Amino acid sequence: MSTGTAIQALHLLAPLAALGVMAAGHALLCRIRPDAPILNLLVLAGVLGLGGLAAMQVFAVLAGQTSGDALVAMVLVDGPIYACLAYGYANFVNLGHASVRIRIYRELLDSPDGIRISELRAKYDEAGMLSTRLRRMLDAEDLDFDGVVYRIKKARLLAISNVIFALKKTVLGRHSELTS
C-alpha cells in the first residue's frame, strides 16, 4: 500500500477511530468514577475522542501528507463527521432519560407482585412525567392497574429494553445512569 493510499485510509477511518477512543474512554471513566454524573464523563470522553482525532491528523502530516488543501479538507470533513458520530453516541448513552417507559417496564418485569404507585412516584415523578408515561402505557394496553398496583399486560417492548440494557451495561458498567 502506498503512502498516499494509507493516508486516504486514515482519513476515512479517523472519525470512526476517534469515536472508538470516545466510547472506550467513556466506558473506562464510568468504571473509574461510577459516582460522577454521566454527562460530565461523556463530555470528557468526547474531548478524549477529539484528541484522538487530532493525533491522527498529526500522524497524517508526519506520514507524508504534503498538500495543504488536503489537510484543510481533512480537518473540515473529519471534525464534523466525528461530531455527528459523537452526538449519536451521546444520544445512545442518554437514551435512559428519554425512555423512562422502558425502565418502568423493566422494573415491573422484575417485580412479579407489582409496584405501588407511591414507589413509582418517589422514583420517577418529575412534574407529572410519571403520570404521562403510565397513562400512555395504560392507553396502549401494555399495563394493568387495579387501583393500587401496576402489572405488565403486554411485554412487547421488553425485547427492546433487554437489548438497550445490555448495551448500556457494556458501556456504562450498569443498566442506567440513574443506578449505581
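## Contacts along the chain

Take the contacts in the protein chain between residues with a separation of 6 or more: 67% of them join residues 24 or more positions apart. This is a predicted model.

## Overall make-up

The protein chain holds eight helices and three strands. Along the sequence, these elements follow the pattern α-α-α-α-α-β-α-α-β-β-α.

The chain has 180 residues, and 37% of them count as buried. Its accessible surface is about 10,200 Å². Carbon and sulfur atoms account for 65% of that surface.

## The sheet

Strands of a sheet pair through backbone hydrogen bonds, and the pairing can be parallel or antiparallel. Here, three strands make an open sheet. Their order is 1-3-2, and the pairing is antiparallel. Strand 1 (115–116) and strand 2 (143–145) stand at the edges. Each has a single partner strand, so one side of each is left without a neighbour in the sheet.

Now look at how strand 1 meets strand 3, which covers residues 149–152. The two run antiparallel, and two bridges join them. Which residue of strand 3 is the bridge partner of Ile115? That partner is Tyr150.

## A helix across the strands

Helix 7 spans residues 129–139. The helix lies across strand 2 and strand 3. Its direction makes an angle of about 105 degrees with strand 2.

Put these parts together on the model. Strand 2 is at an edge of the sheet, and helix 7 lies across both strand 2 and strand 3. Strand 3 is also joined to strand 1 by two bridges.

Conventions. Residues numbered from 1 in each chain as written. Predicted model: local features only at pLDDT ≥ 70, side-chain atom pairs only at ≥ 80, totals over all residues. Heavy atoms only, no water. Pairing = 2+ DSSP bridges. Helix = DSSP H or I, 4+ residues; strand = E, 2+ residues; numbered from the N terminus. Contact = heavy atoms within 4.5 Å. Axes fitted to C-alpha atoms, helices over the stretch in contact; angles between N-to-C directions. Buried < 20%, exposed > 50% of the residue type's maximum accessible area, 1.4 Å probe, protein only. Areas by Shrake-Rupley, 256 points an atom, 1.4 Å probe, with all protein chains shown as cover.
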